[in-house]
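Student: I would like a close look at one part of this model, with the packing spelled out and the cut-offs stated. Where would you start, and what would you connect to it?

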Amino acid sequence: MTSAQDTPHHQADLQHARAWLTTLHGGGPGLINICATGRWAGEYFTTDEPGIKAALAYIQRLDQQGREGIYARVTTLRAAPAPGSRGHASDSLALPGFWADIDIAGPGHKHEVCPPDCPKSHRHVTLPLPPDTDATRQIVAASGLPEPTMWIHSGGGTYPWWLLDQPHTISDDLDDIATLTARWQHVIQASAEKLGYHYGSGVGDLARVLRVPGTVNRKAGLSRACAVLDATGVTYSLDELAALLYSIDLPDPAPPAARQAPPSRPRPATYAPGTVGPFDALAEVAEWRDLFEPYGLTYVGSERDGAQLWRRDGASSAYSVRAWPHVCVNHSDALDLPVGAGHRLTHGKVFSWWYHHGNDSAAAKDLRAAAAGDPDASPAARALRPAILDHIRQRCAVRPWQPPPGPDDVPWPDEPSHQQAAPRPAAQPADVRRTMAAADEHDILRGVYPSRRDVDGHVWTTPSDEDAAQPIVLPPFPVHTLPGDVGKFAEAVAIYMQVPVDLPAFAILGSLAALVGGHATITGKWRENALNLFLTAIADSGEGKSPAVGAITAPIYQLEKLLRDEWKTLYGDMADNHDIAVKTRDRLVAKIADATGPKRNELLAELDAIKAEIADTTPPPRPQLLAGDVTPEVLGKIMHRTGGHIAIISAEGGFLGTLTGRYSKGQPNLELVLTAFDSSEPYRLERITRDPFEVDRPSLSLFLAVQPVVINDAVNSPAVSDRGLLNRFLIARPDSLAGRRDKNPPNVPPYLEEAWQSTVHRVFRAVLPDGRPVDDEGNPVGPVPMQISELAEQLHLAWRQQMEHRVDPDSGDLAPVKGWAKKLEGLAYRLAALLHLAAGRPAQEPVGEAVMLDALTIADWAIPHALAVLGAAHADDSAPRQGPVDEAAEHVLQWIRRKGVEEFTVDEARAALRGRSWVKKHGAAGVRAVVVTLARQGWIASVERRGADGRRLGEGSFIPHPQILGRVV
């Protein structure tokens, strides 16, 4: 392996990274976690050769994105944690050895040395960092620890590693191992301080991540390699290192400095009930300690401006978060919060990011549920102080939670007032099935219920087809993918209009496609002939669709008016003369039909002159960017007049209803719209009763906000599904905000409205500099060619390969919507090109990998929405079949029935079903996927499992529904 160099490094060395991952975790138990700056949750990979190969592909993808740092967790994990989480120390499975993380003075390290007279109120360190690698080696040599197995240069410091002969599998000794790794760091810290150097605390956590050798350290704007400096090949046994570790005397720890709790905020004496949302109510009474302390942050002081300083456990910097009374700013990449002064986070936003991955709607709903006393609220929400929950309940007018009625409940009788009311049925305990359905995967695997007794004490209704059809909450649109102020504008409109952000975000994408459409192409592995999009958002009446869409489309109508005013100035007189000439021609034709002899010849000569005048006075088409609720025939004429491209953006679903036959006795009229999706061939209309015309490159952009009944008609129409119309749509089915809307939301900032208006003009002029879709001869101008960069194409290729596996008819989750999924590959190209233009980049510049990553993020977001809306419609009713997980779930249920299994673990199920092909292929990970599915369906419940010492184990056990074992529920 090569050593770290001072010369710049711009690309990861994957062979170097492969050697390190194989050395550290190769072939061991558990999962490897790879993450990066800004993507701290990362992804998870097996330790075998295919897993390491996949990890390297992910590292390459992160490196191509220019990530500041790429890291691997020091321990493997028992199972992939919940989405958005990197897992905790308690999730660790295999310990490969011991390590240190010694920073070297220089760029990239925020480290201030206080002078001797520094006030005690300052929280800075008093010792300098080691100046070079030799000094770091001196620290280890003076510590009393043995010679490291290898030394790694991180690009800004060193990682000495002491590897074990065999990775140690952590079971009931988690606390002992955590103590060993912590003491190891204390020994190194004591040695560093003895030599007069600072060493950061907290780097011994079992969930620690360190840079991957072979990757590039881009911190502080530099590009330096992380690489192995040297390796001795010496390894150690755990017992040997533990004995040596405890033979080293440590200095007594200094007494902790007295620290006062942060001051409480002054608050009004009274609040009006039922006037604000959960986030505002939370901000009125919650202290920052209510959120920070449960998450592992410690108050370390305050600044002159009153900002509280909080530091996360294990941080080497003076503080991680600065918090004022109502907002805070995060400065730590390891806190799963947006970083930097540009992100001023309220109490509600912090709660949303930490516990709901930034989904404000889900976070607000969770706070309401906890305030109501709903047992299905998240543990984090239920753990808030009672005074906070009581305040949210009063301020938001939250009704107390009532358990769902049991099967034997009698409806409350409607009796005359003089009669004594019948007693109300006693409250029923929470339903096990519903509790399991609401739990996340991490909790299901670890155990939702504390014990079997808790399960037996609750109602457990039987799953049914009706329950399976209940709507699910789908992810909100990833608005961060919209560039700069465009994304902020979408959020601001959503907040002001109190609509899901999907609506304005889709309207923005539809507007971009309306401006560009067939006026540009995008080429990579193949070519997309136009940048138009078909989009639809599903929302009931009264959801605020019209004002939200109107706020987005207003600049397009303004641009259209500006273009028409310019056209009228330039061509108004010509258009009038043209109309007069046309009417004159029509009168002449009528006279010619009745004339004979010389009179006829005279009129024919006049007709030739009028035809020449018509040709000379024909103006360019009057500008039109948007069409209304038109029929396909009229739409074709508009396309013919405007050079081929037109758009429809509407908060109503009338046009889609027209297409699918809703207003024509079920007879769809799809030909033009299908052709205009990809501009692949000319559209010709020839009817006996109509004048024929042709559109060389028809292009249509659609964004329609429709009610569920309209989309249901389209989904259930065989004529529509056979032609694949809905396969061309990106679909959003956002969660309704009804009942949770803020009636006094903040206005949209004017600067964001101006930014969106500027974007509209800039994008339009990027493909039509003079604003004209036709030339002086009346012919459509050619499209502007755009290109995908090589790195962006590599990202797209890797994503396409994943998509190909997902449409496999035997094992793919996208098999029911494979036609839609195939179209999605091209739509990702189109999205990338539109985002590129929206960001202000010229059409001539290749679309880069960062923009492509945003486009793929939107594509991935669209998948669950399409599955929810189209999945059932695309299933093959004539040949019903089970999906692979369904078939595997039936195998588990059959095993439970046959063997009378009362309780089981993942390992027990894997051992019992080891002969099944899916178990051979997927192992314990496959069993976990199946039990999660069965738990969410309500067929099994999970309980916590504890070791002999009473400590909770990493994975729980599972109890089957009594009905599976033939018992009456």
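Tutor: Start with a helix pair: K349, F351, S352 and H356 of helix 8 meet D360, A362, A363, D366 and L367 of helix 9. A contact here is heavy atoms within 4.5 Å. The model is predicted, so local features need pLDDT of at least 70 and side-chain atom pairs pLDDT 80 or more, while totals for chains, interfaces and linings use all residues. Numbering runs from 1 along each chain as its sequence is written, and side-chain values use heavy atoms, without hydrogens or water.

Now the geometry. Helix 8 spans residues 347-356 and helix 9 spans residues 360-372. Their axes come within 9 Å and cross at roughly 100 degrees. Helix 8 is therefore roughly perpendicular to helix 9 (65 to 115 degrees). Axes are fitted to C-alpha atoms, for helices over the stretch in contact, and angles between N-to-C directions run from 0 to 180 degrees. Helices (H or I, at least four residues) and strands (E, at least two) are DSSP runs, numbered from the N terminus.

How enclosed is helix 8? Seven of its 10 residues are buried, so helix 8 is largely enclosed by the rest of the structure. Buried means under 20% relative accessible area, with a 1.4 Å probe and protein chains only. The buried set is H347, G348, V350, F351, S352, W354 and H356. F351, S352 and H356 belong to that set and also take part in the meeting with helix 9. The cover over the buried residues comes from several elements. Among the helices are helix 6 (278-285), helix 7 (288-292), helix 9 and helix 10 (379-382). Strand 12 (297-302) and strand 15 (328-330) contribute too. Just past the end of helix 8, H357 has a positive phi of about 55 degrees.

Follow those two strands. Strands 12-13-14-15, in that order, form an open sheet of four with antiparallel pairing. Strands pair if DSSP finds at least two bridges between them. Strand 12 and strand 15, which help cover helix 8, are the edge strands of this sheet, each pairing on one side only. At the strand 15 edge, strand 14 (residues 321-323) joins strand 15 in the antiparallel sense through three bridges. There A323 lies opposite C328 of strand 15.

For another enclosed element, turn to strand 1, residues 31-36. Six of its six residues are buried, so strand 1 is largely enclosed by the rest of the structure. L31, N33 and C35 point one way, while I32, I34 and A36 point the other way. Strand 1 has antiparallel partners. Five bridges tie strand 1 to strand 2 (residues 39-46), with A36 opposite R39. Two residues separate the strands in this hairpin, where G38 has a positive phi near 85 degrees. Three bridges tie strand 1 to strand 3 (residues 70-73), where Y71 is the bridge partner of C35.

End on a single buried side chain. L245 sits in helix 5 (residues 238-246). L245 counts as buried because its relative accessibility is 0%. Setting aside neighbours within four places in sequence, L245 touches L145, L180, R183, W184 and V187. G144 lies 101 residues from L245 in sequence, yet the C-alpha to C-alpha distance is 8.4 Å.

Terms used
Parallel < 35°, antiparallel > 145°, perpendicular 65-115°, else oblique. Buried < 20%, exposed > 50% of the residue type's maximum accessible area, 1.4 Å probe, protein only.
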